Amino acid sequence: MKFKNFLSLKSLIVLGFVIAVIPLFLAVMYAAFGMRETSALGRTVNTHVFEQTKTIRLVLQKASDIERKAKLFVLLSDPTLRQPYERQSYETVRASFKQALGDLLKLHVDNKIALLVNELSEKENLIYQQIIGSDDENNLELPIDEAFQGLRESAATLSREFENHVDHEFNELHQLSESLEHGLLVKGAVLLAISFSVIAILLIVLSRSMRQLDVSIRRLGAGELAEPILVNGPSDLRYLGNRLEWLRTHLLELEVSKQQFMQNVAREIELPLASLRQDAELLAGDTDYDPNSKRENTVLHLCANIEKLNTVSEELLRYSRINSLPDSKRKESVNIKDLLETVIDDFQPVLSSKAIAIRMLARPVEISGIPEQLRAIIEQLLTNAVKFSPEGGEIRVILRDAGTLMELEVEDEGPGIAADERDHIFEPFYRGKAGDTGDSDGPGLGLAIVKEYVANHQGKVEVIDARQDQQGARIRVQIPLNGEN
């Protein structure tokens, strides 16, 4: 369906709707015409049967009248007793009977009924000939009973045959109606299947494009900028894909510029620091050690600040290389509980120096991730917790499986994080109130690195409210178990 590339989303939806509605419209029209045809045929059959029934009843009635008039005419066998109008009355009834038979034959009855009508007419003629013949000879005799019996039997046979004919007509009409209904159901099902197929194809086309957009946006959010973005489908969705591709290249350029800037700054800092370190060491070596000497204190303070600047330079280099190493993107299955226990074992000397206890509640959780980055996340969270925890305090660590997510919480008993700082502490170089009071001597990149590493795993990190009766910082990390969000 390459033609979809030339249509917008609106045009494609309208076109798909029209194509889907056409079979439904045809099905409705076919049903309407079928019902109209069946109704017309039913009216025709009912009218025809009604006319035939009325005429048959008239024929049967006239046959009965003829038999009665014939018998009366014969009973008055004496011409002196017979009134002149008796024969005229008989002839009138007989003419009405013939007229009824003629009307019945004009209704296009089937051959069998037509034969029975002729048979009934012949038997009536036989009776008439016998009566008129006897009258001409002045020796009128009653026709044999078999003649009247034959007339009645023919009339009864005609009545039964017509009833069978009516049943047959209505059965044919019923079968035709059922056949039309079956055909309507089959054709309607086919047309509905065509409509649903068109709708399904339209949904597949749109869902494919929307899925490509969704995957592209998620990749941009995760910082995966290496692969180009390509969205197929309607023209406006492809336009969005092109804008996302432009955004990807722009972000890639900004990322490269940021890395280059940080690397340049780190190198520019590193060279003067090395020179300052050498000068400070020479200055310290030229004098005898005197803890009360103002010069000695100045040299020690200078060396300490040089070490802080060196730490800042190393953190800058580390932060700039987060997304620049291709090997760091390779993920594997990692047991977070085992990794957490290993990191806590490595922190035991630091914890012992401040008499800090760790209370851990951890369940086995395995996720798909980058081991080095996951370890760095745990180390940085524990480093911050240890740094701001008072001596003899407690750090609470919780690891659990929350459905499709891995949740890791680290909570300390330090001064906590103010509500207005929670949206900023993950920004590079941001140092909150703890940094302003001198409790933190870092460059403010630790939590920014944590945020980048968590984003590389399509997760999120946030500061949440402390538990009841607690005031320390409580940070929660959520990462999808399968590495996808």
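Just after helix H11, Gln458 takes a positive phi of about 55°. The model is a predicted one. H11 covers residues 446–456, and 8 of its 11 residues are buried, so this helix is largely enclosed by the rest of the structure. The points below take H11 and its partner H9, then H7, then an open sheet of 5 strands, and last Arg87 in helix H2.

**Helix H11 and its packing on H9**

- The buried residues of H11 are Gly446, Leu447, Ala448, Ile449, Val450, Tyr453, Val454 and Asn456.
- H11 packs with H9 at an angle of about 150°. Their axes are 9 Å apart.
- The crossing of H9 past H11 is left-handed.
- On the H9 side, the contact uses Gln373, Ala376, Ile377, Gln380, Leu381 and Asn384.
- On the H11 side, Gly446, Leu447, Val450, Tyr453, Val454 and Asn456 take part.
- Sorted by class, this contact has 7 nonpolar and 5 polar residues, with no charged residues.
- Tyr453 of H11 is buried, and it is one of the residues that meet H9.

**Helix H7 against H9**

- H7 spans residues 336–346 and H9 spans residues 371–388. Their axes come within 10 Å and cross at roughly 50°. That angle makes H7 oblique to H9.
- H7 passes H9 in a right-handed crossing.
- H7 contributes Ile336, Leu339, Leu340, Thr342, Val343, Ile344 and Asp346 to the contact.
- H9 contributes Pro371, Leu374, Arg375, Ile378, Glu379 and Leu382.
- By class, the contact of H7 with H9 has 9 nonpolar, 1 polar and 3 charged residues.
- A helix has 3.6 residues a turn, so residues three or four places apart point the same way.

**The five-stranded sheet**

- The sheet is open, and its strand order is E2-E4-E5-E7-E6. The pairing is mixed.
- E2 (357–362) and E6 (460–463) are the edge strands, and each pairs on one side only.
- From one strand to the next, the twist averages 15°.
- H7 packs on this sheet and touches E2, E4 (394–402) and E5. The direction of H7 makes about 175° with that of E2.

**Strand pairs within the sheet**

- E2 and E4 are parallel and share 6 bridges. Ala362 has Leu399 in E4 as its bridge partner.
- E4 and E5 are antiparallel and share 7 bridges. Arg400 stands opposite Glu407 in E5.
- E4 and E5 form a hairpin, with 2 residues between them. Gly403 in that turn has a positive phi of about 75°.
- E5 (residues 405–411) and E7 (residues 474–480) run antiparallel, joined by 7 bridges. Leu408 has Val477 in E7 as its bridge partner.
- In a regular strand, side chains alternate between the two faces of the sheet.

**Arg87 in helix H2**

- Arg87 lies in H2, which covers residues 84–106.
- Its relative accessibility is 30%, so Arg87 counts as partly exposed.
- Arg87 and Lys69 are 18 residues apart along the chain. Their C-alpha atoms are separated by 9.0 Å.

Notes
Residues numbered from 1 in each chain as written. Predicted model: local features only at pLDDT ≥ 70, side-chain atom pairs only at ≥ 80, totals over all residues. Heavy atoms only, no water. Axes fitted to C-alpha atoms, helices over the stretch in contact; angles between N-to-C directions. Helix = DSSP H or I, 4+ residues; strand = E, 2+ residues; numbered from the N terminus. Parallel < 35°, antiparallel > 145°, perpendicular 65-115°, else oblique. Left-handed = near helix turned anticlockwise from the far one by under 90°. Contact = heavy atoms within 4.5 Å. Nonpolar A, V, L, I, M, F, W, Y, C, P; charged D, E, K, R; others polar. Buried < 20%, exposed > 50% of the residue type's maximum accessible area, 1.4 Å probe, protein only. Pairing = 2+ DSSP bridges.
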